[in-house]
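Visitor: I should like to take a close look at one part of this structure, namely its helices and the pairing of charged side chains along them. Please guide me through that part step by step.

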Amino acid sequence: MRNTDLMEAFKENEQDLIRFLIVRLKSVFAAQDLAQELYLRVCGLDESFAVRNGRAYLFRMASNLAIDHLRRESRQAELRDELQAFLAEESEVATPEEALISRDELARLERAMAELPPLSRKIFYLSRFEQKSQREIAALVGLSPTAVFKHLRRVIDYLAAVRDT
């Protein structure tokens, strides 16, 4: 099945894909957004791209998109919870000593980040601040997911060591 055939399979199965995504995501709007993203991905495939069973391939892609979406939402919820907890704690006024210690630790970590190789710094930023998956980062920087994992591990170990000194 060529890419044009896959696009045709998408059109034939679009409503089934949306229903499938609604069940997974429990949101009509999110399901429609992911169905559109799926269509755009299918459109972006090389003309020579071929699969045996277009329907199965589309449902696998939809499932993967749903899983990524749910992971992203889960991570965002965790970050919101952390932020709310932080803001609740922030109402307590820090002592001058605590403020000085915090500023010192932040300065040490900023210096440590500046000492990292640019690629490692970029990978860390994409992972921690833009919540990109290792596969997404690998595609953006042109490395394998394993190499991205190793960069992240080294950065985290390095920052932990700096923090603990």
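Guide: The following account takes the packing of two helices as its starting point and then turns to the charged pairs. Please bear in mind that the model is predicted.

Two packed helices are described by the angle between their axes and the distance between the axes. Here the pair to examine consists of helix H4, residues 96-115, and helix H7, residues 145-164. Their axes lie 10 Å apart and form an angle of about 145°. The crossing of H4 and H7 is right-handed. On the side of H4, the contact is made by Glu105, Arg108, Leu109, Ala112, Met113 and Glu115. On the side of H7, the residues that take part are Tyr158, Leu159, Val162 and Arg163.

Arg108 deserves a second look, since this residue of H4 belongs to the contact with H7 and also forms a salt bridge with Asp104. The closest N and O atoms of Asp104 and Arg108 are 3.6 Å apart. Because the two residues are four residues apart in helix H4, about one helical turn separates Asp104 from Arg108. The two partners may be set side by side by their accessibility. Arg108 has a relative accessible area of 19% and is therefore buried, as the cut-off for that term is under 20%. Asp104, with a relative accessible area of 42%, is partly exposed.

Side chains of opposite charge can pair when their charged atoms come close. The structure holds six salt bridges. In helix H7, one of the two packed helices, Arg153 forms a salt bridge with Asp157, and the closest N and O atoms are 3.3 Å apart. These residues are four residues apart in H7, about one turn of the helix. Arg153 counts as partly exposed at 39% relative accessibility, and Asp157 is partly exposed with a relative accessible area of 41%.

Helix H3 offers a further pair. There, the side chains of Glu78 and Arg75 meet in a salt bridge of 3.4 Å, taken from N to O. Both residues lie in H3, three residues apart, which is about one turn of the helix. Glu78 has 39% relative accessibility and counts as partly exposed; Arg75 is partly exposed as well, with a relative accessible area of 30%. Elsewhere, Asp16, Arg19 and Arg55 are linked in a network of salt bridges.

Helix H3 also shows how surroundings vary from residue to residue. This helix covers residues 54-90 and includes Leu87. At 47% relative accessibility, Leu87 counts as partly exposed. Together with Leu83 and Phe86, Leu87 forms a nonpolar patch on the surface, and the three have about 300 Å² of accessible area together. Gly54, by contrast, lies in H3 but counts as buried, at 1% relative accessibility. The C-alpha atom of Gly54 is separated by 41 Å from that of Val155, which is 101 residues away along the chain.

Helix H5 completes the tour. This helix covers residues 118-128 and contains Ser127, a residue that is buried with a relative accessible area of 11%. Apart from its neighbours within four places in sequence, Ser127 is in contact with Lys132, Ile137 and Leu152.

Key: Residues numbered from 1 in each chain as written. Predicted model: local features only at pLDDT ≥ 70, side-chain atom pairs only at ≥ 80, totals over all residues. Heavy atoms only, no water. Patch = residues over 30% accessible without salt bridge, like charges linked within 9 Å, V, L, I, M, F, W, Y side chains within 5 Å. Areas by Shrake-Rupley, 256 points an atom, 1.4 Å probe, with all protein chains shown as cover. Salt bridge = Lys/Arg side-chain N within 4 Å of Asp/Glu carboxyl O. Buried < 20%, exposed > 50% of the residue type's maximum accessible area, 1.4 Å probe, protein only. Contact = heavy atoms within 4.5 Å. Axes fitted to C-alpha atoms, helices over the stretch in contact; angles between N-to-C directions. Left-handed = near helix turned anticlockwise from the far one by under 90°.
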